[in-house]
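This report covers the helices and nonpolar cores of one protein chain. The sequence and structure come first.

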Amino acid sequence: AERSDALEESARRLGKARKYRHPLFAAAYLEHLDALRYDDPKQARQNAQAVALKLIPQLPGSRAERLELQLKAIGVYASCQRRKGRWATAARALRIALGVARRQNLPGITADLLQRAACVLSDTGRFREATGLLDEALVIYHDMGFEEGLGMVMLERGTMLLHLGKYSETL
């Protein structure tokens with residue numbers, strides 16, 4: 001809770017103080033908002049929009065780094081919309097963000113967005129399509145050597161296979 005309060009205070013100041021204009025702060029704050037979506041999706045959504053529109057364009061670093069952070073913010077925004085049952089809005093945001101991530105060859109954020117899109121599809125009963133997206137994310141995380149991502153996707157994929165009645169494949 002203390003870390004959360006500190007991040008909230010930092011975010012309020014982000015437009016006023018240059019010291020908050022750092023890619024590491026933006027990335028940490030987006031992770032905080034991603035977790036906040038479970039408790040307060042409206043606040044998380046609003047803050048993700050503010051970060052994407054106000055903070056990230058002012059950050060130092062390469063265009064690719066800023067773009068990846070903006071795509072992460074869109075992913076958090078879409079996940080918040082999903083939590084509110086706004087699946088069409090979430091799917092549209094993720095489709096656009098995925099297109100950009102793929103065109104710019106940003107594998108890490110592509111895999112993250114694929115996972116988020118799979119969750120939207122799962123919520124709407126489209127388990128086969130969700131499994132396809134998770135299979136794509138698995139390949140990306142494997143190629144990156146990102147074990148945490150692999151583990152999360154494998155768990156989600158197992159859940160999709162259970163919904164599809166493919167019990168032996170979940171093992």
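Which residues of H3 are buried? They are Pro41, Ala44, Arg45, Asn47, Ala48, Val51, Ala52 and Leu55, where buried means under 20% relative accessible area with a 1.4 Å probe, protein chains only. The model is predicted: local features need pLDDT of at least 70, side-chain atom pairs count only at pLDDT 80 or more, and totals for chains, interfaces and linings use all residues. Residues are numbered from 1 along each chain as its sequence is written, and side-chain values use heavy atoms, leaving out hydrogens and water.

H3 spans residues 41-55 and reaches 20 Å from its first C-alpha to its last, close to the 21 Å expected at 1.5 Å a residue.

The largest nonpolar core (buried Ala, Val, Leu, Ile, Met, Phe, Trp, Tyr and Cys residues joined through side-chain atoms within 4.5 Å) has 30 residues. Leu71, Leu94, Ile109, Leu113, Leu114, Leu133 and Val153 touch the most other members. The helices below give two or more residues to this core.

| Helix | Residues |
|---|---|
| H4 | 63-83 |
| H5 | 87-103 |
| H6 | 107-123 |
| H7 | 127-144 |
| H8 | 147-163 |

Apart from this core lies another, of 17 residues, among them Phe25, Leu36, Ala73 and Val76.

H6 and H7 pack at an angle of about 160 degrees, with their axes 8 Å apart. H6 is therefore roughly antiparallel to H7 (angles over 145 degrees count as such). Their contact (heavy atoms within 4.5 Å) includes Leu114 and Leu121 of H6 and Leu133 and Ile140 of H7.

Terms used. Buried means under 20% relative accessible area, exposed over 50%, partly exposed in between (1.4 Å probe, protein chains only). Helices (H or I, at least four residues) and strands (E, at least two) are DSSP runs, numbered from the N terminus. The expected span of a helix is 1.5 Å times one less than its number of residues. Axes are lines fitted to C-alpha atoms, for helices over the stretch in contact, and angles run from 0 to 180 degrees between N-to-C directions. Angles under 35 degrees count as roughly parallel, over 145 as roughly antiparallel, 65 to 115 as roughly perpendicular and the rest as oblique.
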